[in-house]
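Subject: Structure for your files

Hello,

Here is the structure I promised to pass on. My notes follow it.

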Protein chains: 2
Amino acid sequence: MVIQLTSFDADVRPSGDFMAAVGGRSEGSAVPRSADVARLAGVSRKTVSRVLNNEPYVSEEARTKVLAAAEELGYRLNQAARTLASGRTGSIGVVALGTVGYGTASLLVHVERAVRDAGYALRVVNTPDGDPAGIAGAVESLLEQGVDGVIVSEPIVEGDVSVRVDVPVLFLGAPPAFNATRTVTMGVGAHELARAATEHLLDLGHTTVHHLAGPRRWYATKDRIEGWRAALAARGAHEPPLLNGDWSAASGHAVGEALASDRSVTAVFAAGDEMAIGLIHALREAGRRVPEDISVVGFDGNPVFAYVSPPLTTVRQPFEAAAREGIRLLVHAIEKPHTDLPQASDPPVELIVRGSTAPPPSPPDKTGRRTT
Amino acid sequence: MVIQLTSFDADVRPSGDFMAAVGGRSEGSAVPRSADVARLAGVSRKTVSRVLNNEPYVSEEARTKVLAAAEELGYRLNQAARTLASGRTGSIGVVALGTVGYGTASLLVHVERAVRDAGYALRVVNTPDGDPAGIAGAVESLLEQGVDGVIVSEPIVEGDVSVRVDVPVLFLGAPPAFNATRTVTMGVGAHELARAATEHLLDLGHTTVHHLAGPRRWYATKDRIEGWRAALAARGAHEPPLLNGDWSAASGHAVGEALASDRSVTAVFAAGDEMAIGLIHALREAGRRVPEDISVVGFDGNPVFAYVSPPLTTVRQPFEAAAREGIRLLVHAIEKPHTDLPQASDPPVELIVRGSTAPPPSPPDKTGRRTT
DNA sequence: TTGAAAGCGCTAACAA
DNA sequence: TTGTTAGCGCTTTCAA
């Protein structure tokens, strides 16, 4: 741990803005204003504004001069003033979960990139609990800071969130939790993915598939349960009782210890890669082989699990596509409020078959009895 | 994938602010201003401001009335106006890496929490490349948006970044890359951690330790190399050539394949958990046992790797402590610019010994020859 | 194509 | 303890 403090030059102002507010005018090394640029370029402030905002009706000559003057002065547009005058903030806020899992983290990274590519700045507020009160508070603080749009990313609980929102809202991976001027919902394919994972196991010959679910309060959990259920129902497979984890490998491990003695279990679809890893570990510790005795499928697609034994079969969530498409719609809602939303393309469902799945130890015969 | 668009009520304004800017006065359902609160509470706007900013010299009575009026109106302070008038933005910007690794993601989560706990909002800009140009652009955009302080989190390359920065800057996990009004540096203990990991292996009886490093351009890589080197030098151990990865499990796997045939290698310290996992996998595929033939230590402390075979011995980076302490110093620099920085406490070095390390297959005898 | 004037909603300084 | 006045730096309107 190193703490280094560069010598603090006492006559450096804490902030140019502060100094100016105190009374300094644009003299000496003070932070340049648009008036300074205008003066240097020999035009009006409004023309400077026009150039910097790419507005039409500016002569090439004026544009060139303004750009040169701005560059020379090291002029930086004051976003607060612009926001106050125009009502547009140029930023989008995201309410995220604040967990460090591969899934949520990579979703956030893609959101940041998509937002930036769309020309907006990003404000982030985490709500580790994801409950309605937390989300309401987070949205409230975002609105207060000033945002043109809000993204609510994978919130946890259902329940009505009570906030007054005048800007468009994008719900990523969950149904709308509150009303807003305009609401856009973008799923992350959890249902289809869960269904594909379950079907993969069924296709291998397993008579049914157990499901290790996440905490019941999460939307992500519900979606996966439903997908699993749909796959089972479509094949007429019996639906075994749910197994419960909390996304952590430790919880998967605990479930695996309890499950190991139940010889009727031959296939488990876990709602997260990490739970799957914990589950497999416990199973093997108890002497059950994976995939020979029990097949396990994960959920997320973290590439590192291609390098464990056995390499984990899993499904990949299309975070990048979901973030990109969702934000495209959100930005459309922000910038063209009175037009219809464009069509969103469906991201692909991607099943990654590796080594943790195989046919059941001994396929059931026609009567459904198992011949071990 | 579900796209849902709630019916768009045509007479809902796209934004209250916009409407007001167009000419509406505080009438009907327009967004309330501080003047509206003042009127309802029967005080002046300045008193409203005082109450909302927790300034002294307000009577209990006035405070109560203002709060009630604000609540009734659903008043929300306009941060842009406040910023313009006061010069303070109430937000801190972070320049992050935008990779989805466990390390960087969890650092970002802790940064968000610490920033919020300190009463600031967070702006995030990612620079996937982390190079000086990218960092400069990111800082520039943050400054333009308006921030009271900047955090540069684990940048990649050395090199001078050319930006004019009037606010304090916190460098997390790297030395200062540019000059600012005030610079604070907070390491994440990488050197000490790398040293502890290497020493653990040496203590086990290995004559030397190989190091699987990350991309050479990263500061994080350099720090770990230096820690490893220091441990080797302190014991008079021979320093083998560096192995090179890119943080991914795949790169660790590739190195492992090449390394498997070299029987002289008995201990490897990998600069990241995921590379360690890939390395171990390749080693075992080639018939070498871990830890019996080769010991491997990772770096990061992702708990999921306690549930693979063998459970990974690793060191945990004190992200939470580093973020909390670093931001404490940054906030101090922002709020009390003319005082000394407080003392920062050193986060603990934490070695997590699990199953991937053991004494060498057959300890060298006194002469240094190996008796296999 | 350009400019002058008038705010945006808030806080700072000062006076009361 | 409170209110008045005067901006913060920009965009908007409207006229030129």
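**DNA strand C**

α5(B) gives four residues to the surface near DNA strand C, the largest share; a residue is near a strand if one of its heavy atoms lies within 4 Å of it, and helices (H or I, at least four residues) and strands (E, at least two) are DSSP runs numbered from the N terminus. This is a predicted model, in which local features need pLDDT of at least 70 and side-chain atom pairs count only at pLDDT 80 or more, while totals for chains, interfaces and linings use all residues. Residues are numbered from 1 along each chain as its sequence is written, chains are lettered from A and ligands numbered from 1 in the order in which they are written, and side-chain values use heavy atoms, with hydrogens and water left out.

DNA strand C is surrounded by 26 residues, the closest being T47(A), R33(B), S34(B), R45(B) and Y75(B). At least two residues of this surface come from each of α3 and α5 of chain A and α3 and α5 of chain B. By class there are ten nonpolar, eight polar and eight charged residues (nonpolar: Ala, Val, Leu, Ile, Met, Phe, Trp, Tyr, Cys and Pro; charged: Asp, Glu, Lys and Arg; polar: the others, Gly among them). Sugar or phosphate supplies 62% of the atoms of DNA strand C within 4 Å of the protein, and bases the rest.

Polar contacts are pairs of N or O atoms within 3.5 Å; within protein, one must be able to donate a hydrogen and the other to accept it, and residues adjacent in sequence count only if both atoms are side-chain atoms. Phosphate oxygens of DNA strand C lie 2.8 Å from a polar backbone atom of S59(A) and 2.8 Å from a side-chain N or O atom of S49(B). A base oxygen of the strand is 3.4 Å from a polar backbone atom of A85(A).

**DNA strand D**

Around DNA strand D there are 26 residues, and S34(A), R45(A), K46(A), Y75(A) and T47(B) are the closest. Of the strand's atoms that come within 4 Å of the protein, 59% are sugar and phosphate. Here the largest share of the surface, four residues, is from α5(A). Phosphate oxygens of DNA strand D are found 2.7 Å from a side-chain N or O atom of R33(A), 2.6 Å from a polar backbone atom of S34(A) and 2.8 Å from a polar side-chain atom of S49(A).

**Inside the protein**

T198(A) is in helix α8 (residues 190-203) of chain A. With a relative accessible area of 0%, T198(A) is buried (buried is under 20%, exposed over 50%, partly exposed in between, with a 1.4 Å probe and protein chains only). Beyond its neighbours within four places in sequence, T198(A) is in contact (heavy atoms within 4.5 Å) with V209(A), W228(A), A231(A), L232(A) and F269(A).

Aromatic rings of Phe, Tyr and Trp (its six-membered ring) pair if their centres lie within 6.5 Å; planes under 30 degrees apart are stacked, over 60 edge-to-face and the rest tilted. Over all chains this gives seven aromatic pairs. F171(B) and F178(B) are edge-to-face, because their ring centres are 5.2 Å apart and their planes at 70 degrees. F171(B) is buried at 0% relative accessibility, and F178(B) is buried at 6%.

Regards
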